[in-house]
Amino acid sequence: MDLTNSTPPAVSSAPLTLALIVASDREGRFGPVVADWFRTRLAEREDFTVTVVDLAEVDLPTSLSHDPSPAVRAELAKVSPVLADADAFVVLTPEYNHSFPASLKNLIDRHYTEWQAKPVGFVSYGGVSGGLRAVEQLRQVFAEMHSVTVRDTVSFHNAHGRFDQDGRLQDPAAAEGAAKVLLDQLGWWGRALKDAKSVRPYGS
Ligand SMILES: Cc1cc2nc3c(=O)[nH]c(=O)nc-3n(C[C@H](O)[C@H](O)[C@H](O)COP(=O)(O)O)c2cc1C
């Protein structure tokens, strides 16, 4: 085989499309404070274009159906194309009773190929745990969806006390550093998987 004339597959350096999923839909939720902080981190980067999927703005019943009503189809139309178009995901989740919110499980279960062969990163928050137990459970769930969860996360324990009234972190350096590591890993996996799929579509 003549390797000297082999042409490497074309790779793109265009920004990756990232879907930021805000999992909490709880009345009075703290999630938007953390989400706004993380969106500022994303805005500092040129390697991602971002679409937010806020589950408080999506009204999906927990009962699944192979033949959803027109109302449910209309709700899915708000989110499914965003998930399908995404090259990578960040799931921003609180911890409820050592797990993640039902709103997020509902979104995950209503989709399949949309998650496949894509990386998922986590920003979590909560009380003493910082949402880490929710994240560890999500790694199992996303493995079933053929997703790749990235190792490093951003987590905020006792989150309510870490931001001031204007949503600024009182001690931002460590969290900003963690966000950079998370996004660097997500970008590597997102690029690698996108390039690989352009050569060989993922089959499951
Ligand atoms: C039903 C419920 C269960 C919770 N369970 C936990 C828990 O197991 N561990 C923890 O660290 N925090 C727990 N918390 C605290 C939440 O993680 C924290 O209040 C967080 O801000 C909730 O996110 P949200 O305000 O965006 O909905 C719980 C809160 C609620 C409402």
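Helix α2 covers residues 70-85, and its 16 residues should span 22 Å at 1.5 Å a residue; the end C-alpha atoms are 22 Å apart, so expectation and model agree. The model is a predicted one. Even so, α2 has a kink of about 40° at A77, and the proline P81 follows shortly after that point.

Helix α1, residues 31-43, passes the same kind of check: the table sets the two helices side by side.

| Helix | Residues | Expected span | End C-alpha distance |
|---|---|---|---|
| α1 | 31-43, 13 residues | 18 Å | 18 Å |
| α2 | 70-85, 16 residues | 22 Å | 22 Å |

Let us stay with α1 for a moment. Its buried residues are G31, V33, V34, A35, W37 and F38. What lies over them? The cover of these buried residues includes the strands β1 (16-22), β3 (88-94), β4 (119-125) and β6 (154-156), together with helix α5 (172-199). A general point about helices helps in reading such a list: an α-helix has 3.6 residues a turn, so residues three or four places apart point the same way.

V34 of α1 also belongs to the largest nonpolar core, which has 44 residues; along with I21, V91 and L92, V34 touches the most other members. In soluble globular proteins, nonpolar side chains tend to be buried together. V91 gives a good view of how this core is put together: beyond its neighbours within four places in sequence, V91 is in contact with I21, A23, L104, V120, F122 and L138.

Strand β4 contributes another residue worth a look, G121. Is G121 buried or exposed? It counts as buried, because 28 C-beta neighbours lie inside 10 Å. Setting aside neighbours within four places in sequence, the contacts of G121 are V90, V150, T153, L182, Q185 and L186. G121 and I21 are 100 residues apart along the chain, and their C-alpha atoms are separated by 10 Å.

For a contrast, turn to A143, which sits in helix α4 (residues 132-144). A143 counts as exposed because it has 12 C-beta neighbours inside 10 Å. From A143 to P70 there are 73 residues in sequence and 31 Å in space, C-alpha to C-alpha.

Finally, the ligand. It has 16 residues around it, of which S24, G31, P94, G126 and G127 come nearest. One of these, G31, is also among the buried residues of α1. How does the shell around the ligand divide by residue type? Six of its residues are nonpolar, seven are polar and three are charged.

Note on methods:
Residues are numbered from 1 along each chain as its sequence is written. This is a predicted model: local features need pLDDT of at least 70, side-chain atom pairs count only at pLDDT 80 or more; totals for chains, interfaces and linings use all residues. Helices (H or I, at least four residues) and strands (E, at least two) are DSSP runs, numbered from the N terminus. A residue is buried if 20 or more other C-beta atoms lie within 10 Å of its own, exposed if 12 or fewer, and partly exposed in between; C-beta atoms are placed from the backbone. A residue is near a molecule or strand if its C-beta atom, placed from the backbone, lies within 6 Å of it. Ala, Val, Leu, Ile, Met, Phe, Trp, Tyr, Cys and Pro count as nonpolar, Asp, Glu, Lys and Arg as charged, and the others, Gly among them, as polar. The expected span of a helix is 1.5 Å times one less than its number of residues. The bend at a residue is the angle between axes fitted to the seven residues ending there and the seven starting there. A nonpolar core is a set of buried Ala, Val, Leu, Ile, Met, Phe, Trp, Tyr and Cys residues joined through C-beta atoms within 7 Å. Two residues are in contact if their C-beta atoms, placed from the backbone, lie within 7 Å.
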